Amino acid sequence: MVGRILVGIDGSKSSWTAADYGIYFSKKLKRPVVGVHIVDIRLLETPFIEDLAGALGFTTYADITPKLKEILDERGKALLDEFAQRCREAGADCSIAQAFGIVANELVDMADPEDLIIVGKTGIHNKFAPLFLGSTSEAVARKSKCPVMITTDKFMEIKNVILAFDGREKSVHAAQYLNDLYKDIGIEKLTVITVLEEKSEEKEKHIKELLDSTLKVPYEEKFLYGYPDEEIEKFIIGNKDAYQLVAMGAYGESRIKELILGSTTSFIIHKSPIPVLLVK
């Protein structure tokens, strides 16, 4: 059972889409949604302030720091007020929270293990604000102790879901998570994809047995063969109009192996044209 739904709000298009999903889940699951805005303290650090002060004609960065902090604080409050208004109009149970800090760290620290964090894939980007959610969504997913959903710029009601399943512990957790969501949000079709290096009746039998013992909802299984990154991407992109969400275990490899071979999780976050739900 999901506890709260925390949504990262930074004013970007994808963060407002994340807000739409947060409200959607709040109403479907009958759980509270919290709009969260973090004022990134990196925007108040000396190198950035010096550049900004020079650009705006201030003689010292000390003159502008309090003013910038006040502006960022007021901007955050305005964004959260807009989020709260959207919630009220939709009839969702919501609250808001704002803090100063490193975006990923603060957002993760606010969440409990049973919560769900929703953030947009692409955040605010302009010459004076390069460090908002768009560059930290993956950091949130990696550091979070609860499931994280990373959204695209377009809201779609979730009816058909892909589960990327490799039989390891975190993909089993993702399957178990979908057991709870299936009825609550009204999933109509669940397709499980498993990528093997080559066809193997023994491995396929093992995966099927594991799925049958884990999933308590109807599903169809598809086996693909090749490299996981490439085959999962190919399936998602080839079926992007038929599915509205892909779920998978988050960061199943060791950090050393990720550094050498790369991370399937990171690859799919960047490549998927539909929202990605990551479960640990």
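**Exercise 1. Which elements are included in what covers the buried residues of α10?**

*Solution.* This is a predicted model, in which local features need pLDDT of at least 70 and side-chain atom pairs count only at pLDDT 80 or more, while totals for chains, interfaces and linings use all residues. Residues are numbered from 1 along each chain as its sequence is written, and side-chain values use heavy atoms, with hydrogens and water left out.

Begin with the element itself: α10 spans residues 264–271, where helices (H or I, at least four residues) and strands (E, at least two) are DSSP runs numbered from the N terminus. Next, list its buried residues (buried means under 20% relative accessible area, exposed over 50%, partly exposed in between, with a 1.4 Å probe and protein chains only): Thr 265, Ser 266, Ile 268 and Ile 269. Seen down the helix axis, these buried residues fall within an arc of 165°, so they line one face of α10; the arc is that of the directions from the helix axis to the C-beta atoms. An α-helix has 3.6 residues a turn, so residues three or four places apart point the same way. Finally, the cover over the buried residues includes α5 (137–143), β5, α8 (228–238), β9 and β10, with contact meaning heavy atoms within 4.5 Å.

**Exercise 2. Describe the sheet, and place α1 and α10 against it.**

*Solution.* The open sheet has 10 strands in the order β3-β2-β1-β4-β5-β10-β9-β6-β7-β8, with mixed pairing; two strands pair if DSSP finds at least two bridges between them. Its edges are β3 (94–101) and β8 (220–225), each of which pairs on one side only. From one strand to the next the twist averages 25°, axes being lines fitted to C-alpha atoms, for helices over the stretch in contact, and angles running from 0 to 180 degrees between N-to-C directions.

At the β8 edge, 6 bridges join β7 (residues 189–196) to β8, and these two strands run parallel; Thr 194 has Phe 223 in β8 as its bridge partner. Helix α1 packs on the sheet, where it touches β1 (5–8), β2, β4 (116–120) and β5 (148–151), and its direction makes about 150° with that of β4. Helix α10 lies across β5, β9 (245–249) and β10 (276–279), running at about 165° to β9.

**Exercise 3. Is Asn 160 buried or exposed, and which residues is Asn 160 in contact with?**

*Solution.* Asn 160 is found in strand β6 (residues 160–164), and at 17% relative accessibility Asn 160 counts as buried. Leaving aside neighbours within four places in sequence, its contacts are Glu 188, Lys 189, Ala 242, Tyr 243, Gln 244 and Leu 245. With Ala 242, a polar atom of the Asn 160 side chain lies 2.9 Å from the backbone oxygen.

**Exercise 4. Where is Lys 30 placed, and what is notable in its phi?**

*Solution.* Lys 30 belongs to the loop between α1 (13–29) and β2 (33–40). Its phi is near 55°, a positive value in a residue other than glycine. Lys 30 is exposed, with a relative accessible area of 69%.

**Exercise 5. Trace the surroundings of Leu 210.**

*Solution.* Leu 210 is found in helix α7 (residues 201–214). Apart from neighbours within four places in sequence, Leu 210 is in contact with Phe 165, Gly 167 and Val 172. The C-alpha atoms of Leu 210 and Val 172 are separated by 8.4 Å, although these residues are 38 residues apart along the chain.

How values were computed. A polar contact is a pair of N or O atoms within 3.5 Å; within protein, one must be able to donate a hydrogen and the other to accept it, and residues adjacent in sequence count only if both atoms are side-chain atoms.
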